[in-house]
Amino acid sequence: MSKFDVWFSDSFRWWDYPQINAFPSLEEGAECAWDYQQERIQEVIERLEEYPCCMSCYLSVAEMKAAKQVKEKFISILKGELL
């Protein structure tokens, strides 16, 4: 079962997506909503991947490494849970 199928059967609530009324079927509208959410998630992950970890001249090398590790962990979690 795909992530879409799980979402559609367990979590999807049509009233949260009023634009679905424009589609011929509920499932087609749900697929469009799913695709839109996936695009937004991917955009957020890409923005996070591009976010610099060494912006401040006040950070030590150890703090920059820690910031990079935290950022990589967040990206990993987002990709694993949301994509």
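Tyr 17 sits in the loop between α1 and α2. In this predicted model, Tyr 17 has a relative accessible area of 15% and is therefore buried, the cut-off for that label being under 20%. Setting aside residues up to four places away in sequence, Tyr 17 touches Trp 7, Phe 12, Ala 33 and Gln 37. Trp 7 is one of the α1 residues that meet α2, and Ala 33 and Gln 37 are among the α2 residues that meet α1. The loop residue Tyr 17 thus has contacts with residues of both helices that it links in sequence. Lys 65 lies 48 residues from Tyr 17 along the chain, and the C-alpha atoms of the two are separated by 41 Å.

The two helices on either side of this loop also meet directly. Helix α1 covers residues 3-10 and helix α2 covers residues 26-50; their axes come within 11 Å and cross at roughly 120°. That angle makes α1 oblique to α2. The crossing is right-handed. On the α1 side, the contact is made by Lys 3, Phe 4, Trp 7 and Phe 8. On the α2 side, Leu 26, Glu 27, Ala 30, Glu 31, Ala 33, Trp 34 and Gln 37 take part. By class, the residues of this contact are seven nonpolar, one polar and three charged.

Farther along α2 comes the contact with helix α3. The axes of α2 and α3 come within 10 Å and cross at roughly 165°. At that angle α2 is roughly antiparallel to α3, because angles over 145 degrees are given that name. The crossing of α2 and α3 is left-handed, whereas that of α1 and α2 is right-handed. From α2, the residues in the contact are Gln 38, Ile 41, Ile 45, Leu 48 and Glu 49. They meet Lys 71, Phe 74, Ile 75, Leu 78, Lys 79 and Leu 82 in α3. The contact of α2 with α3 is made up of seven nonpolar, one polar and three charged residues.

Two of the α2 residues in this contact can be followed in more detail. Ile 45 is in helix α2, and its relative accessibility of 1% puts it in the buried class. When neighbours within four places in sequence are left aside, Ile 45 is in contact with Ile 75, Leu 78, Lys 79 and Leu 83. Tyr 58 is 13 residues from Ile 45 along the chain, yet 26 Å separates their C-alpha atoms. Gln 38, also in helix α2, counts as buried at 17% relative accessibility. Beyond residues up to four places away in sequence, Gln 38 touches Leu 82 and Leu 83. Leu 83 is thus a contact of Gln 38 and of Ile 45.

How many salt bridges does the structure hold? There are two. One joins the side chains of Glu 43 and Arg 40, with an N to O distance of 2.7 Å. These residues are three apart in helix α2, so about one helical turn separates them. Glu 43 counts as partly exposed at 38% relative accessibility, and Arg 40, at 38%, is partly exposed as well.

The other salt bridge is between Glu 49 and Lys 79, whose closest N and O atoms are 2.9 Å apart. Glu 49 lies in helix α2 and Lys 79 in helix α3 (residues 61-82), so this pair ties together parts that are 30 residues apart in sequence. Glu 49 and Lys 79 are also listed among the residues through which α2 and α3 meet. Glu 49 is partly exposed, with a relative accessible area of 33%. Lys 79, with a relative accessible area of 38%, is partly exposed too.

Next to Glu 49 in the numbering comes Glu 50, which also lies in helix α2. Is Glu 50 buried or exposed? Its relative accessible area is 65%, so Glu 50 is exposed. Glu 50 and Gln 19 are 31 residues apart in sequence, and their C-alpha atoms are 32 Å apart in space.

Methods
Residues numbered from 1 in each chain as written. Predicted model: local features only at pLDDT ≥ 70, side-chain atom pairs only at ≥ 80, totals over all residues. Heavy atoms only, no water. Axes fitted to C-alpha atoms, helices over the stretch in contact; angles between N-to-C directions. Helix = DSSP H or I, 4+ residues; strand = E, 2+ residues; numbered from the N terminus. Parallel < 35°, antiparallel > 145°, perpendicular 65-115°, else oblique. Left-handed = near helix turned anticlockwise from the far one by under 90°. Contact = heavy atoms within 4.5 Å. Nonpolar A, V, L, I, M, F, W, Y, C, P; charged D, E, K, R; others polar. Salt bridge = Lys/Arg side-chain N within 4 Å of Asp/Glu carboxyl O. Buried < 20%, exposed > 50% of the residue type's maximum accessible area, 1.4 Å probe, protein only.
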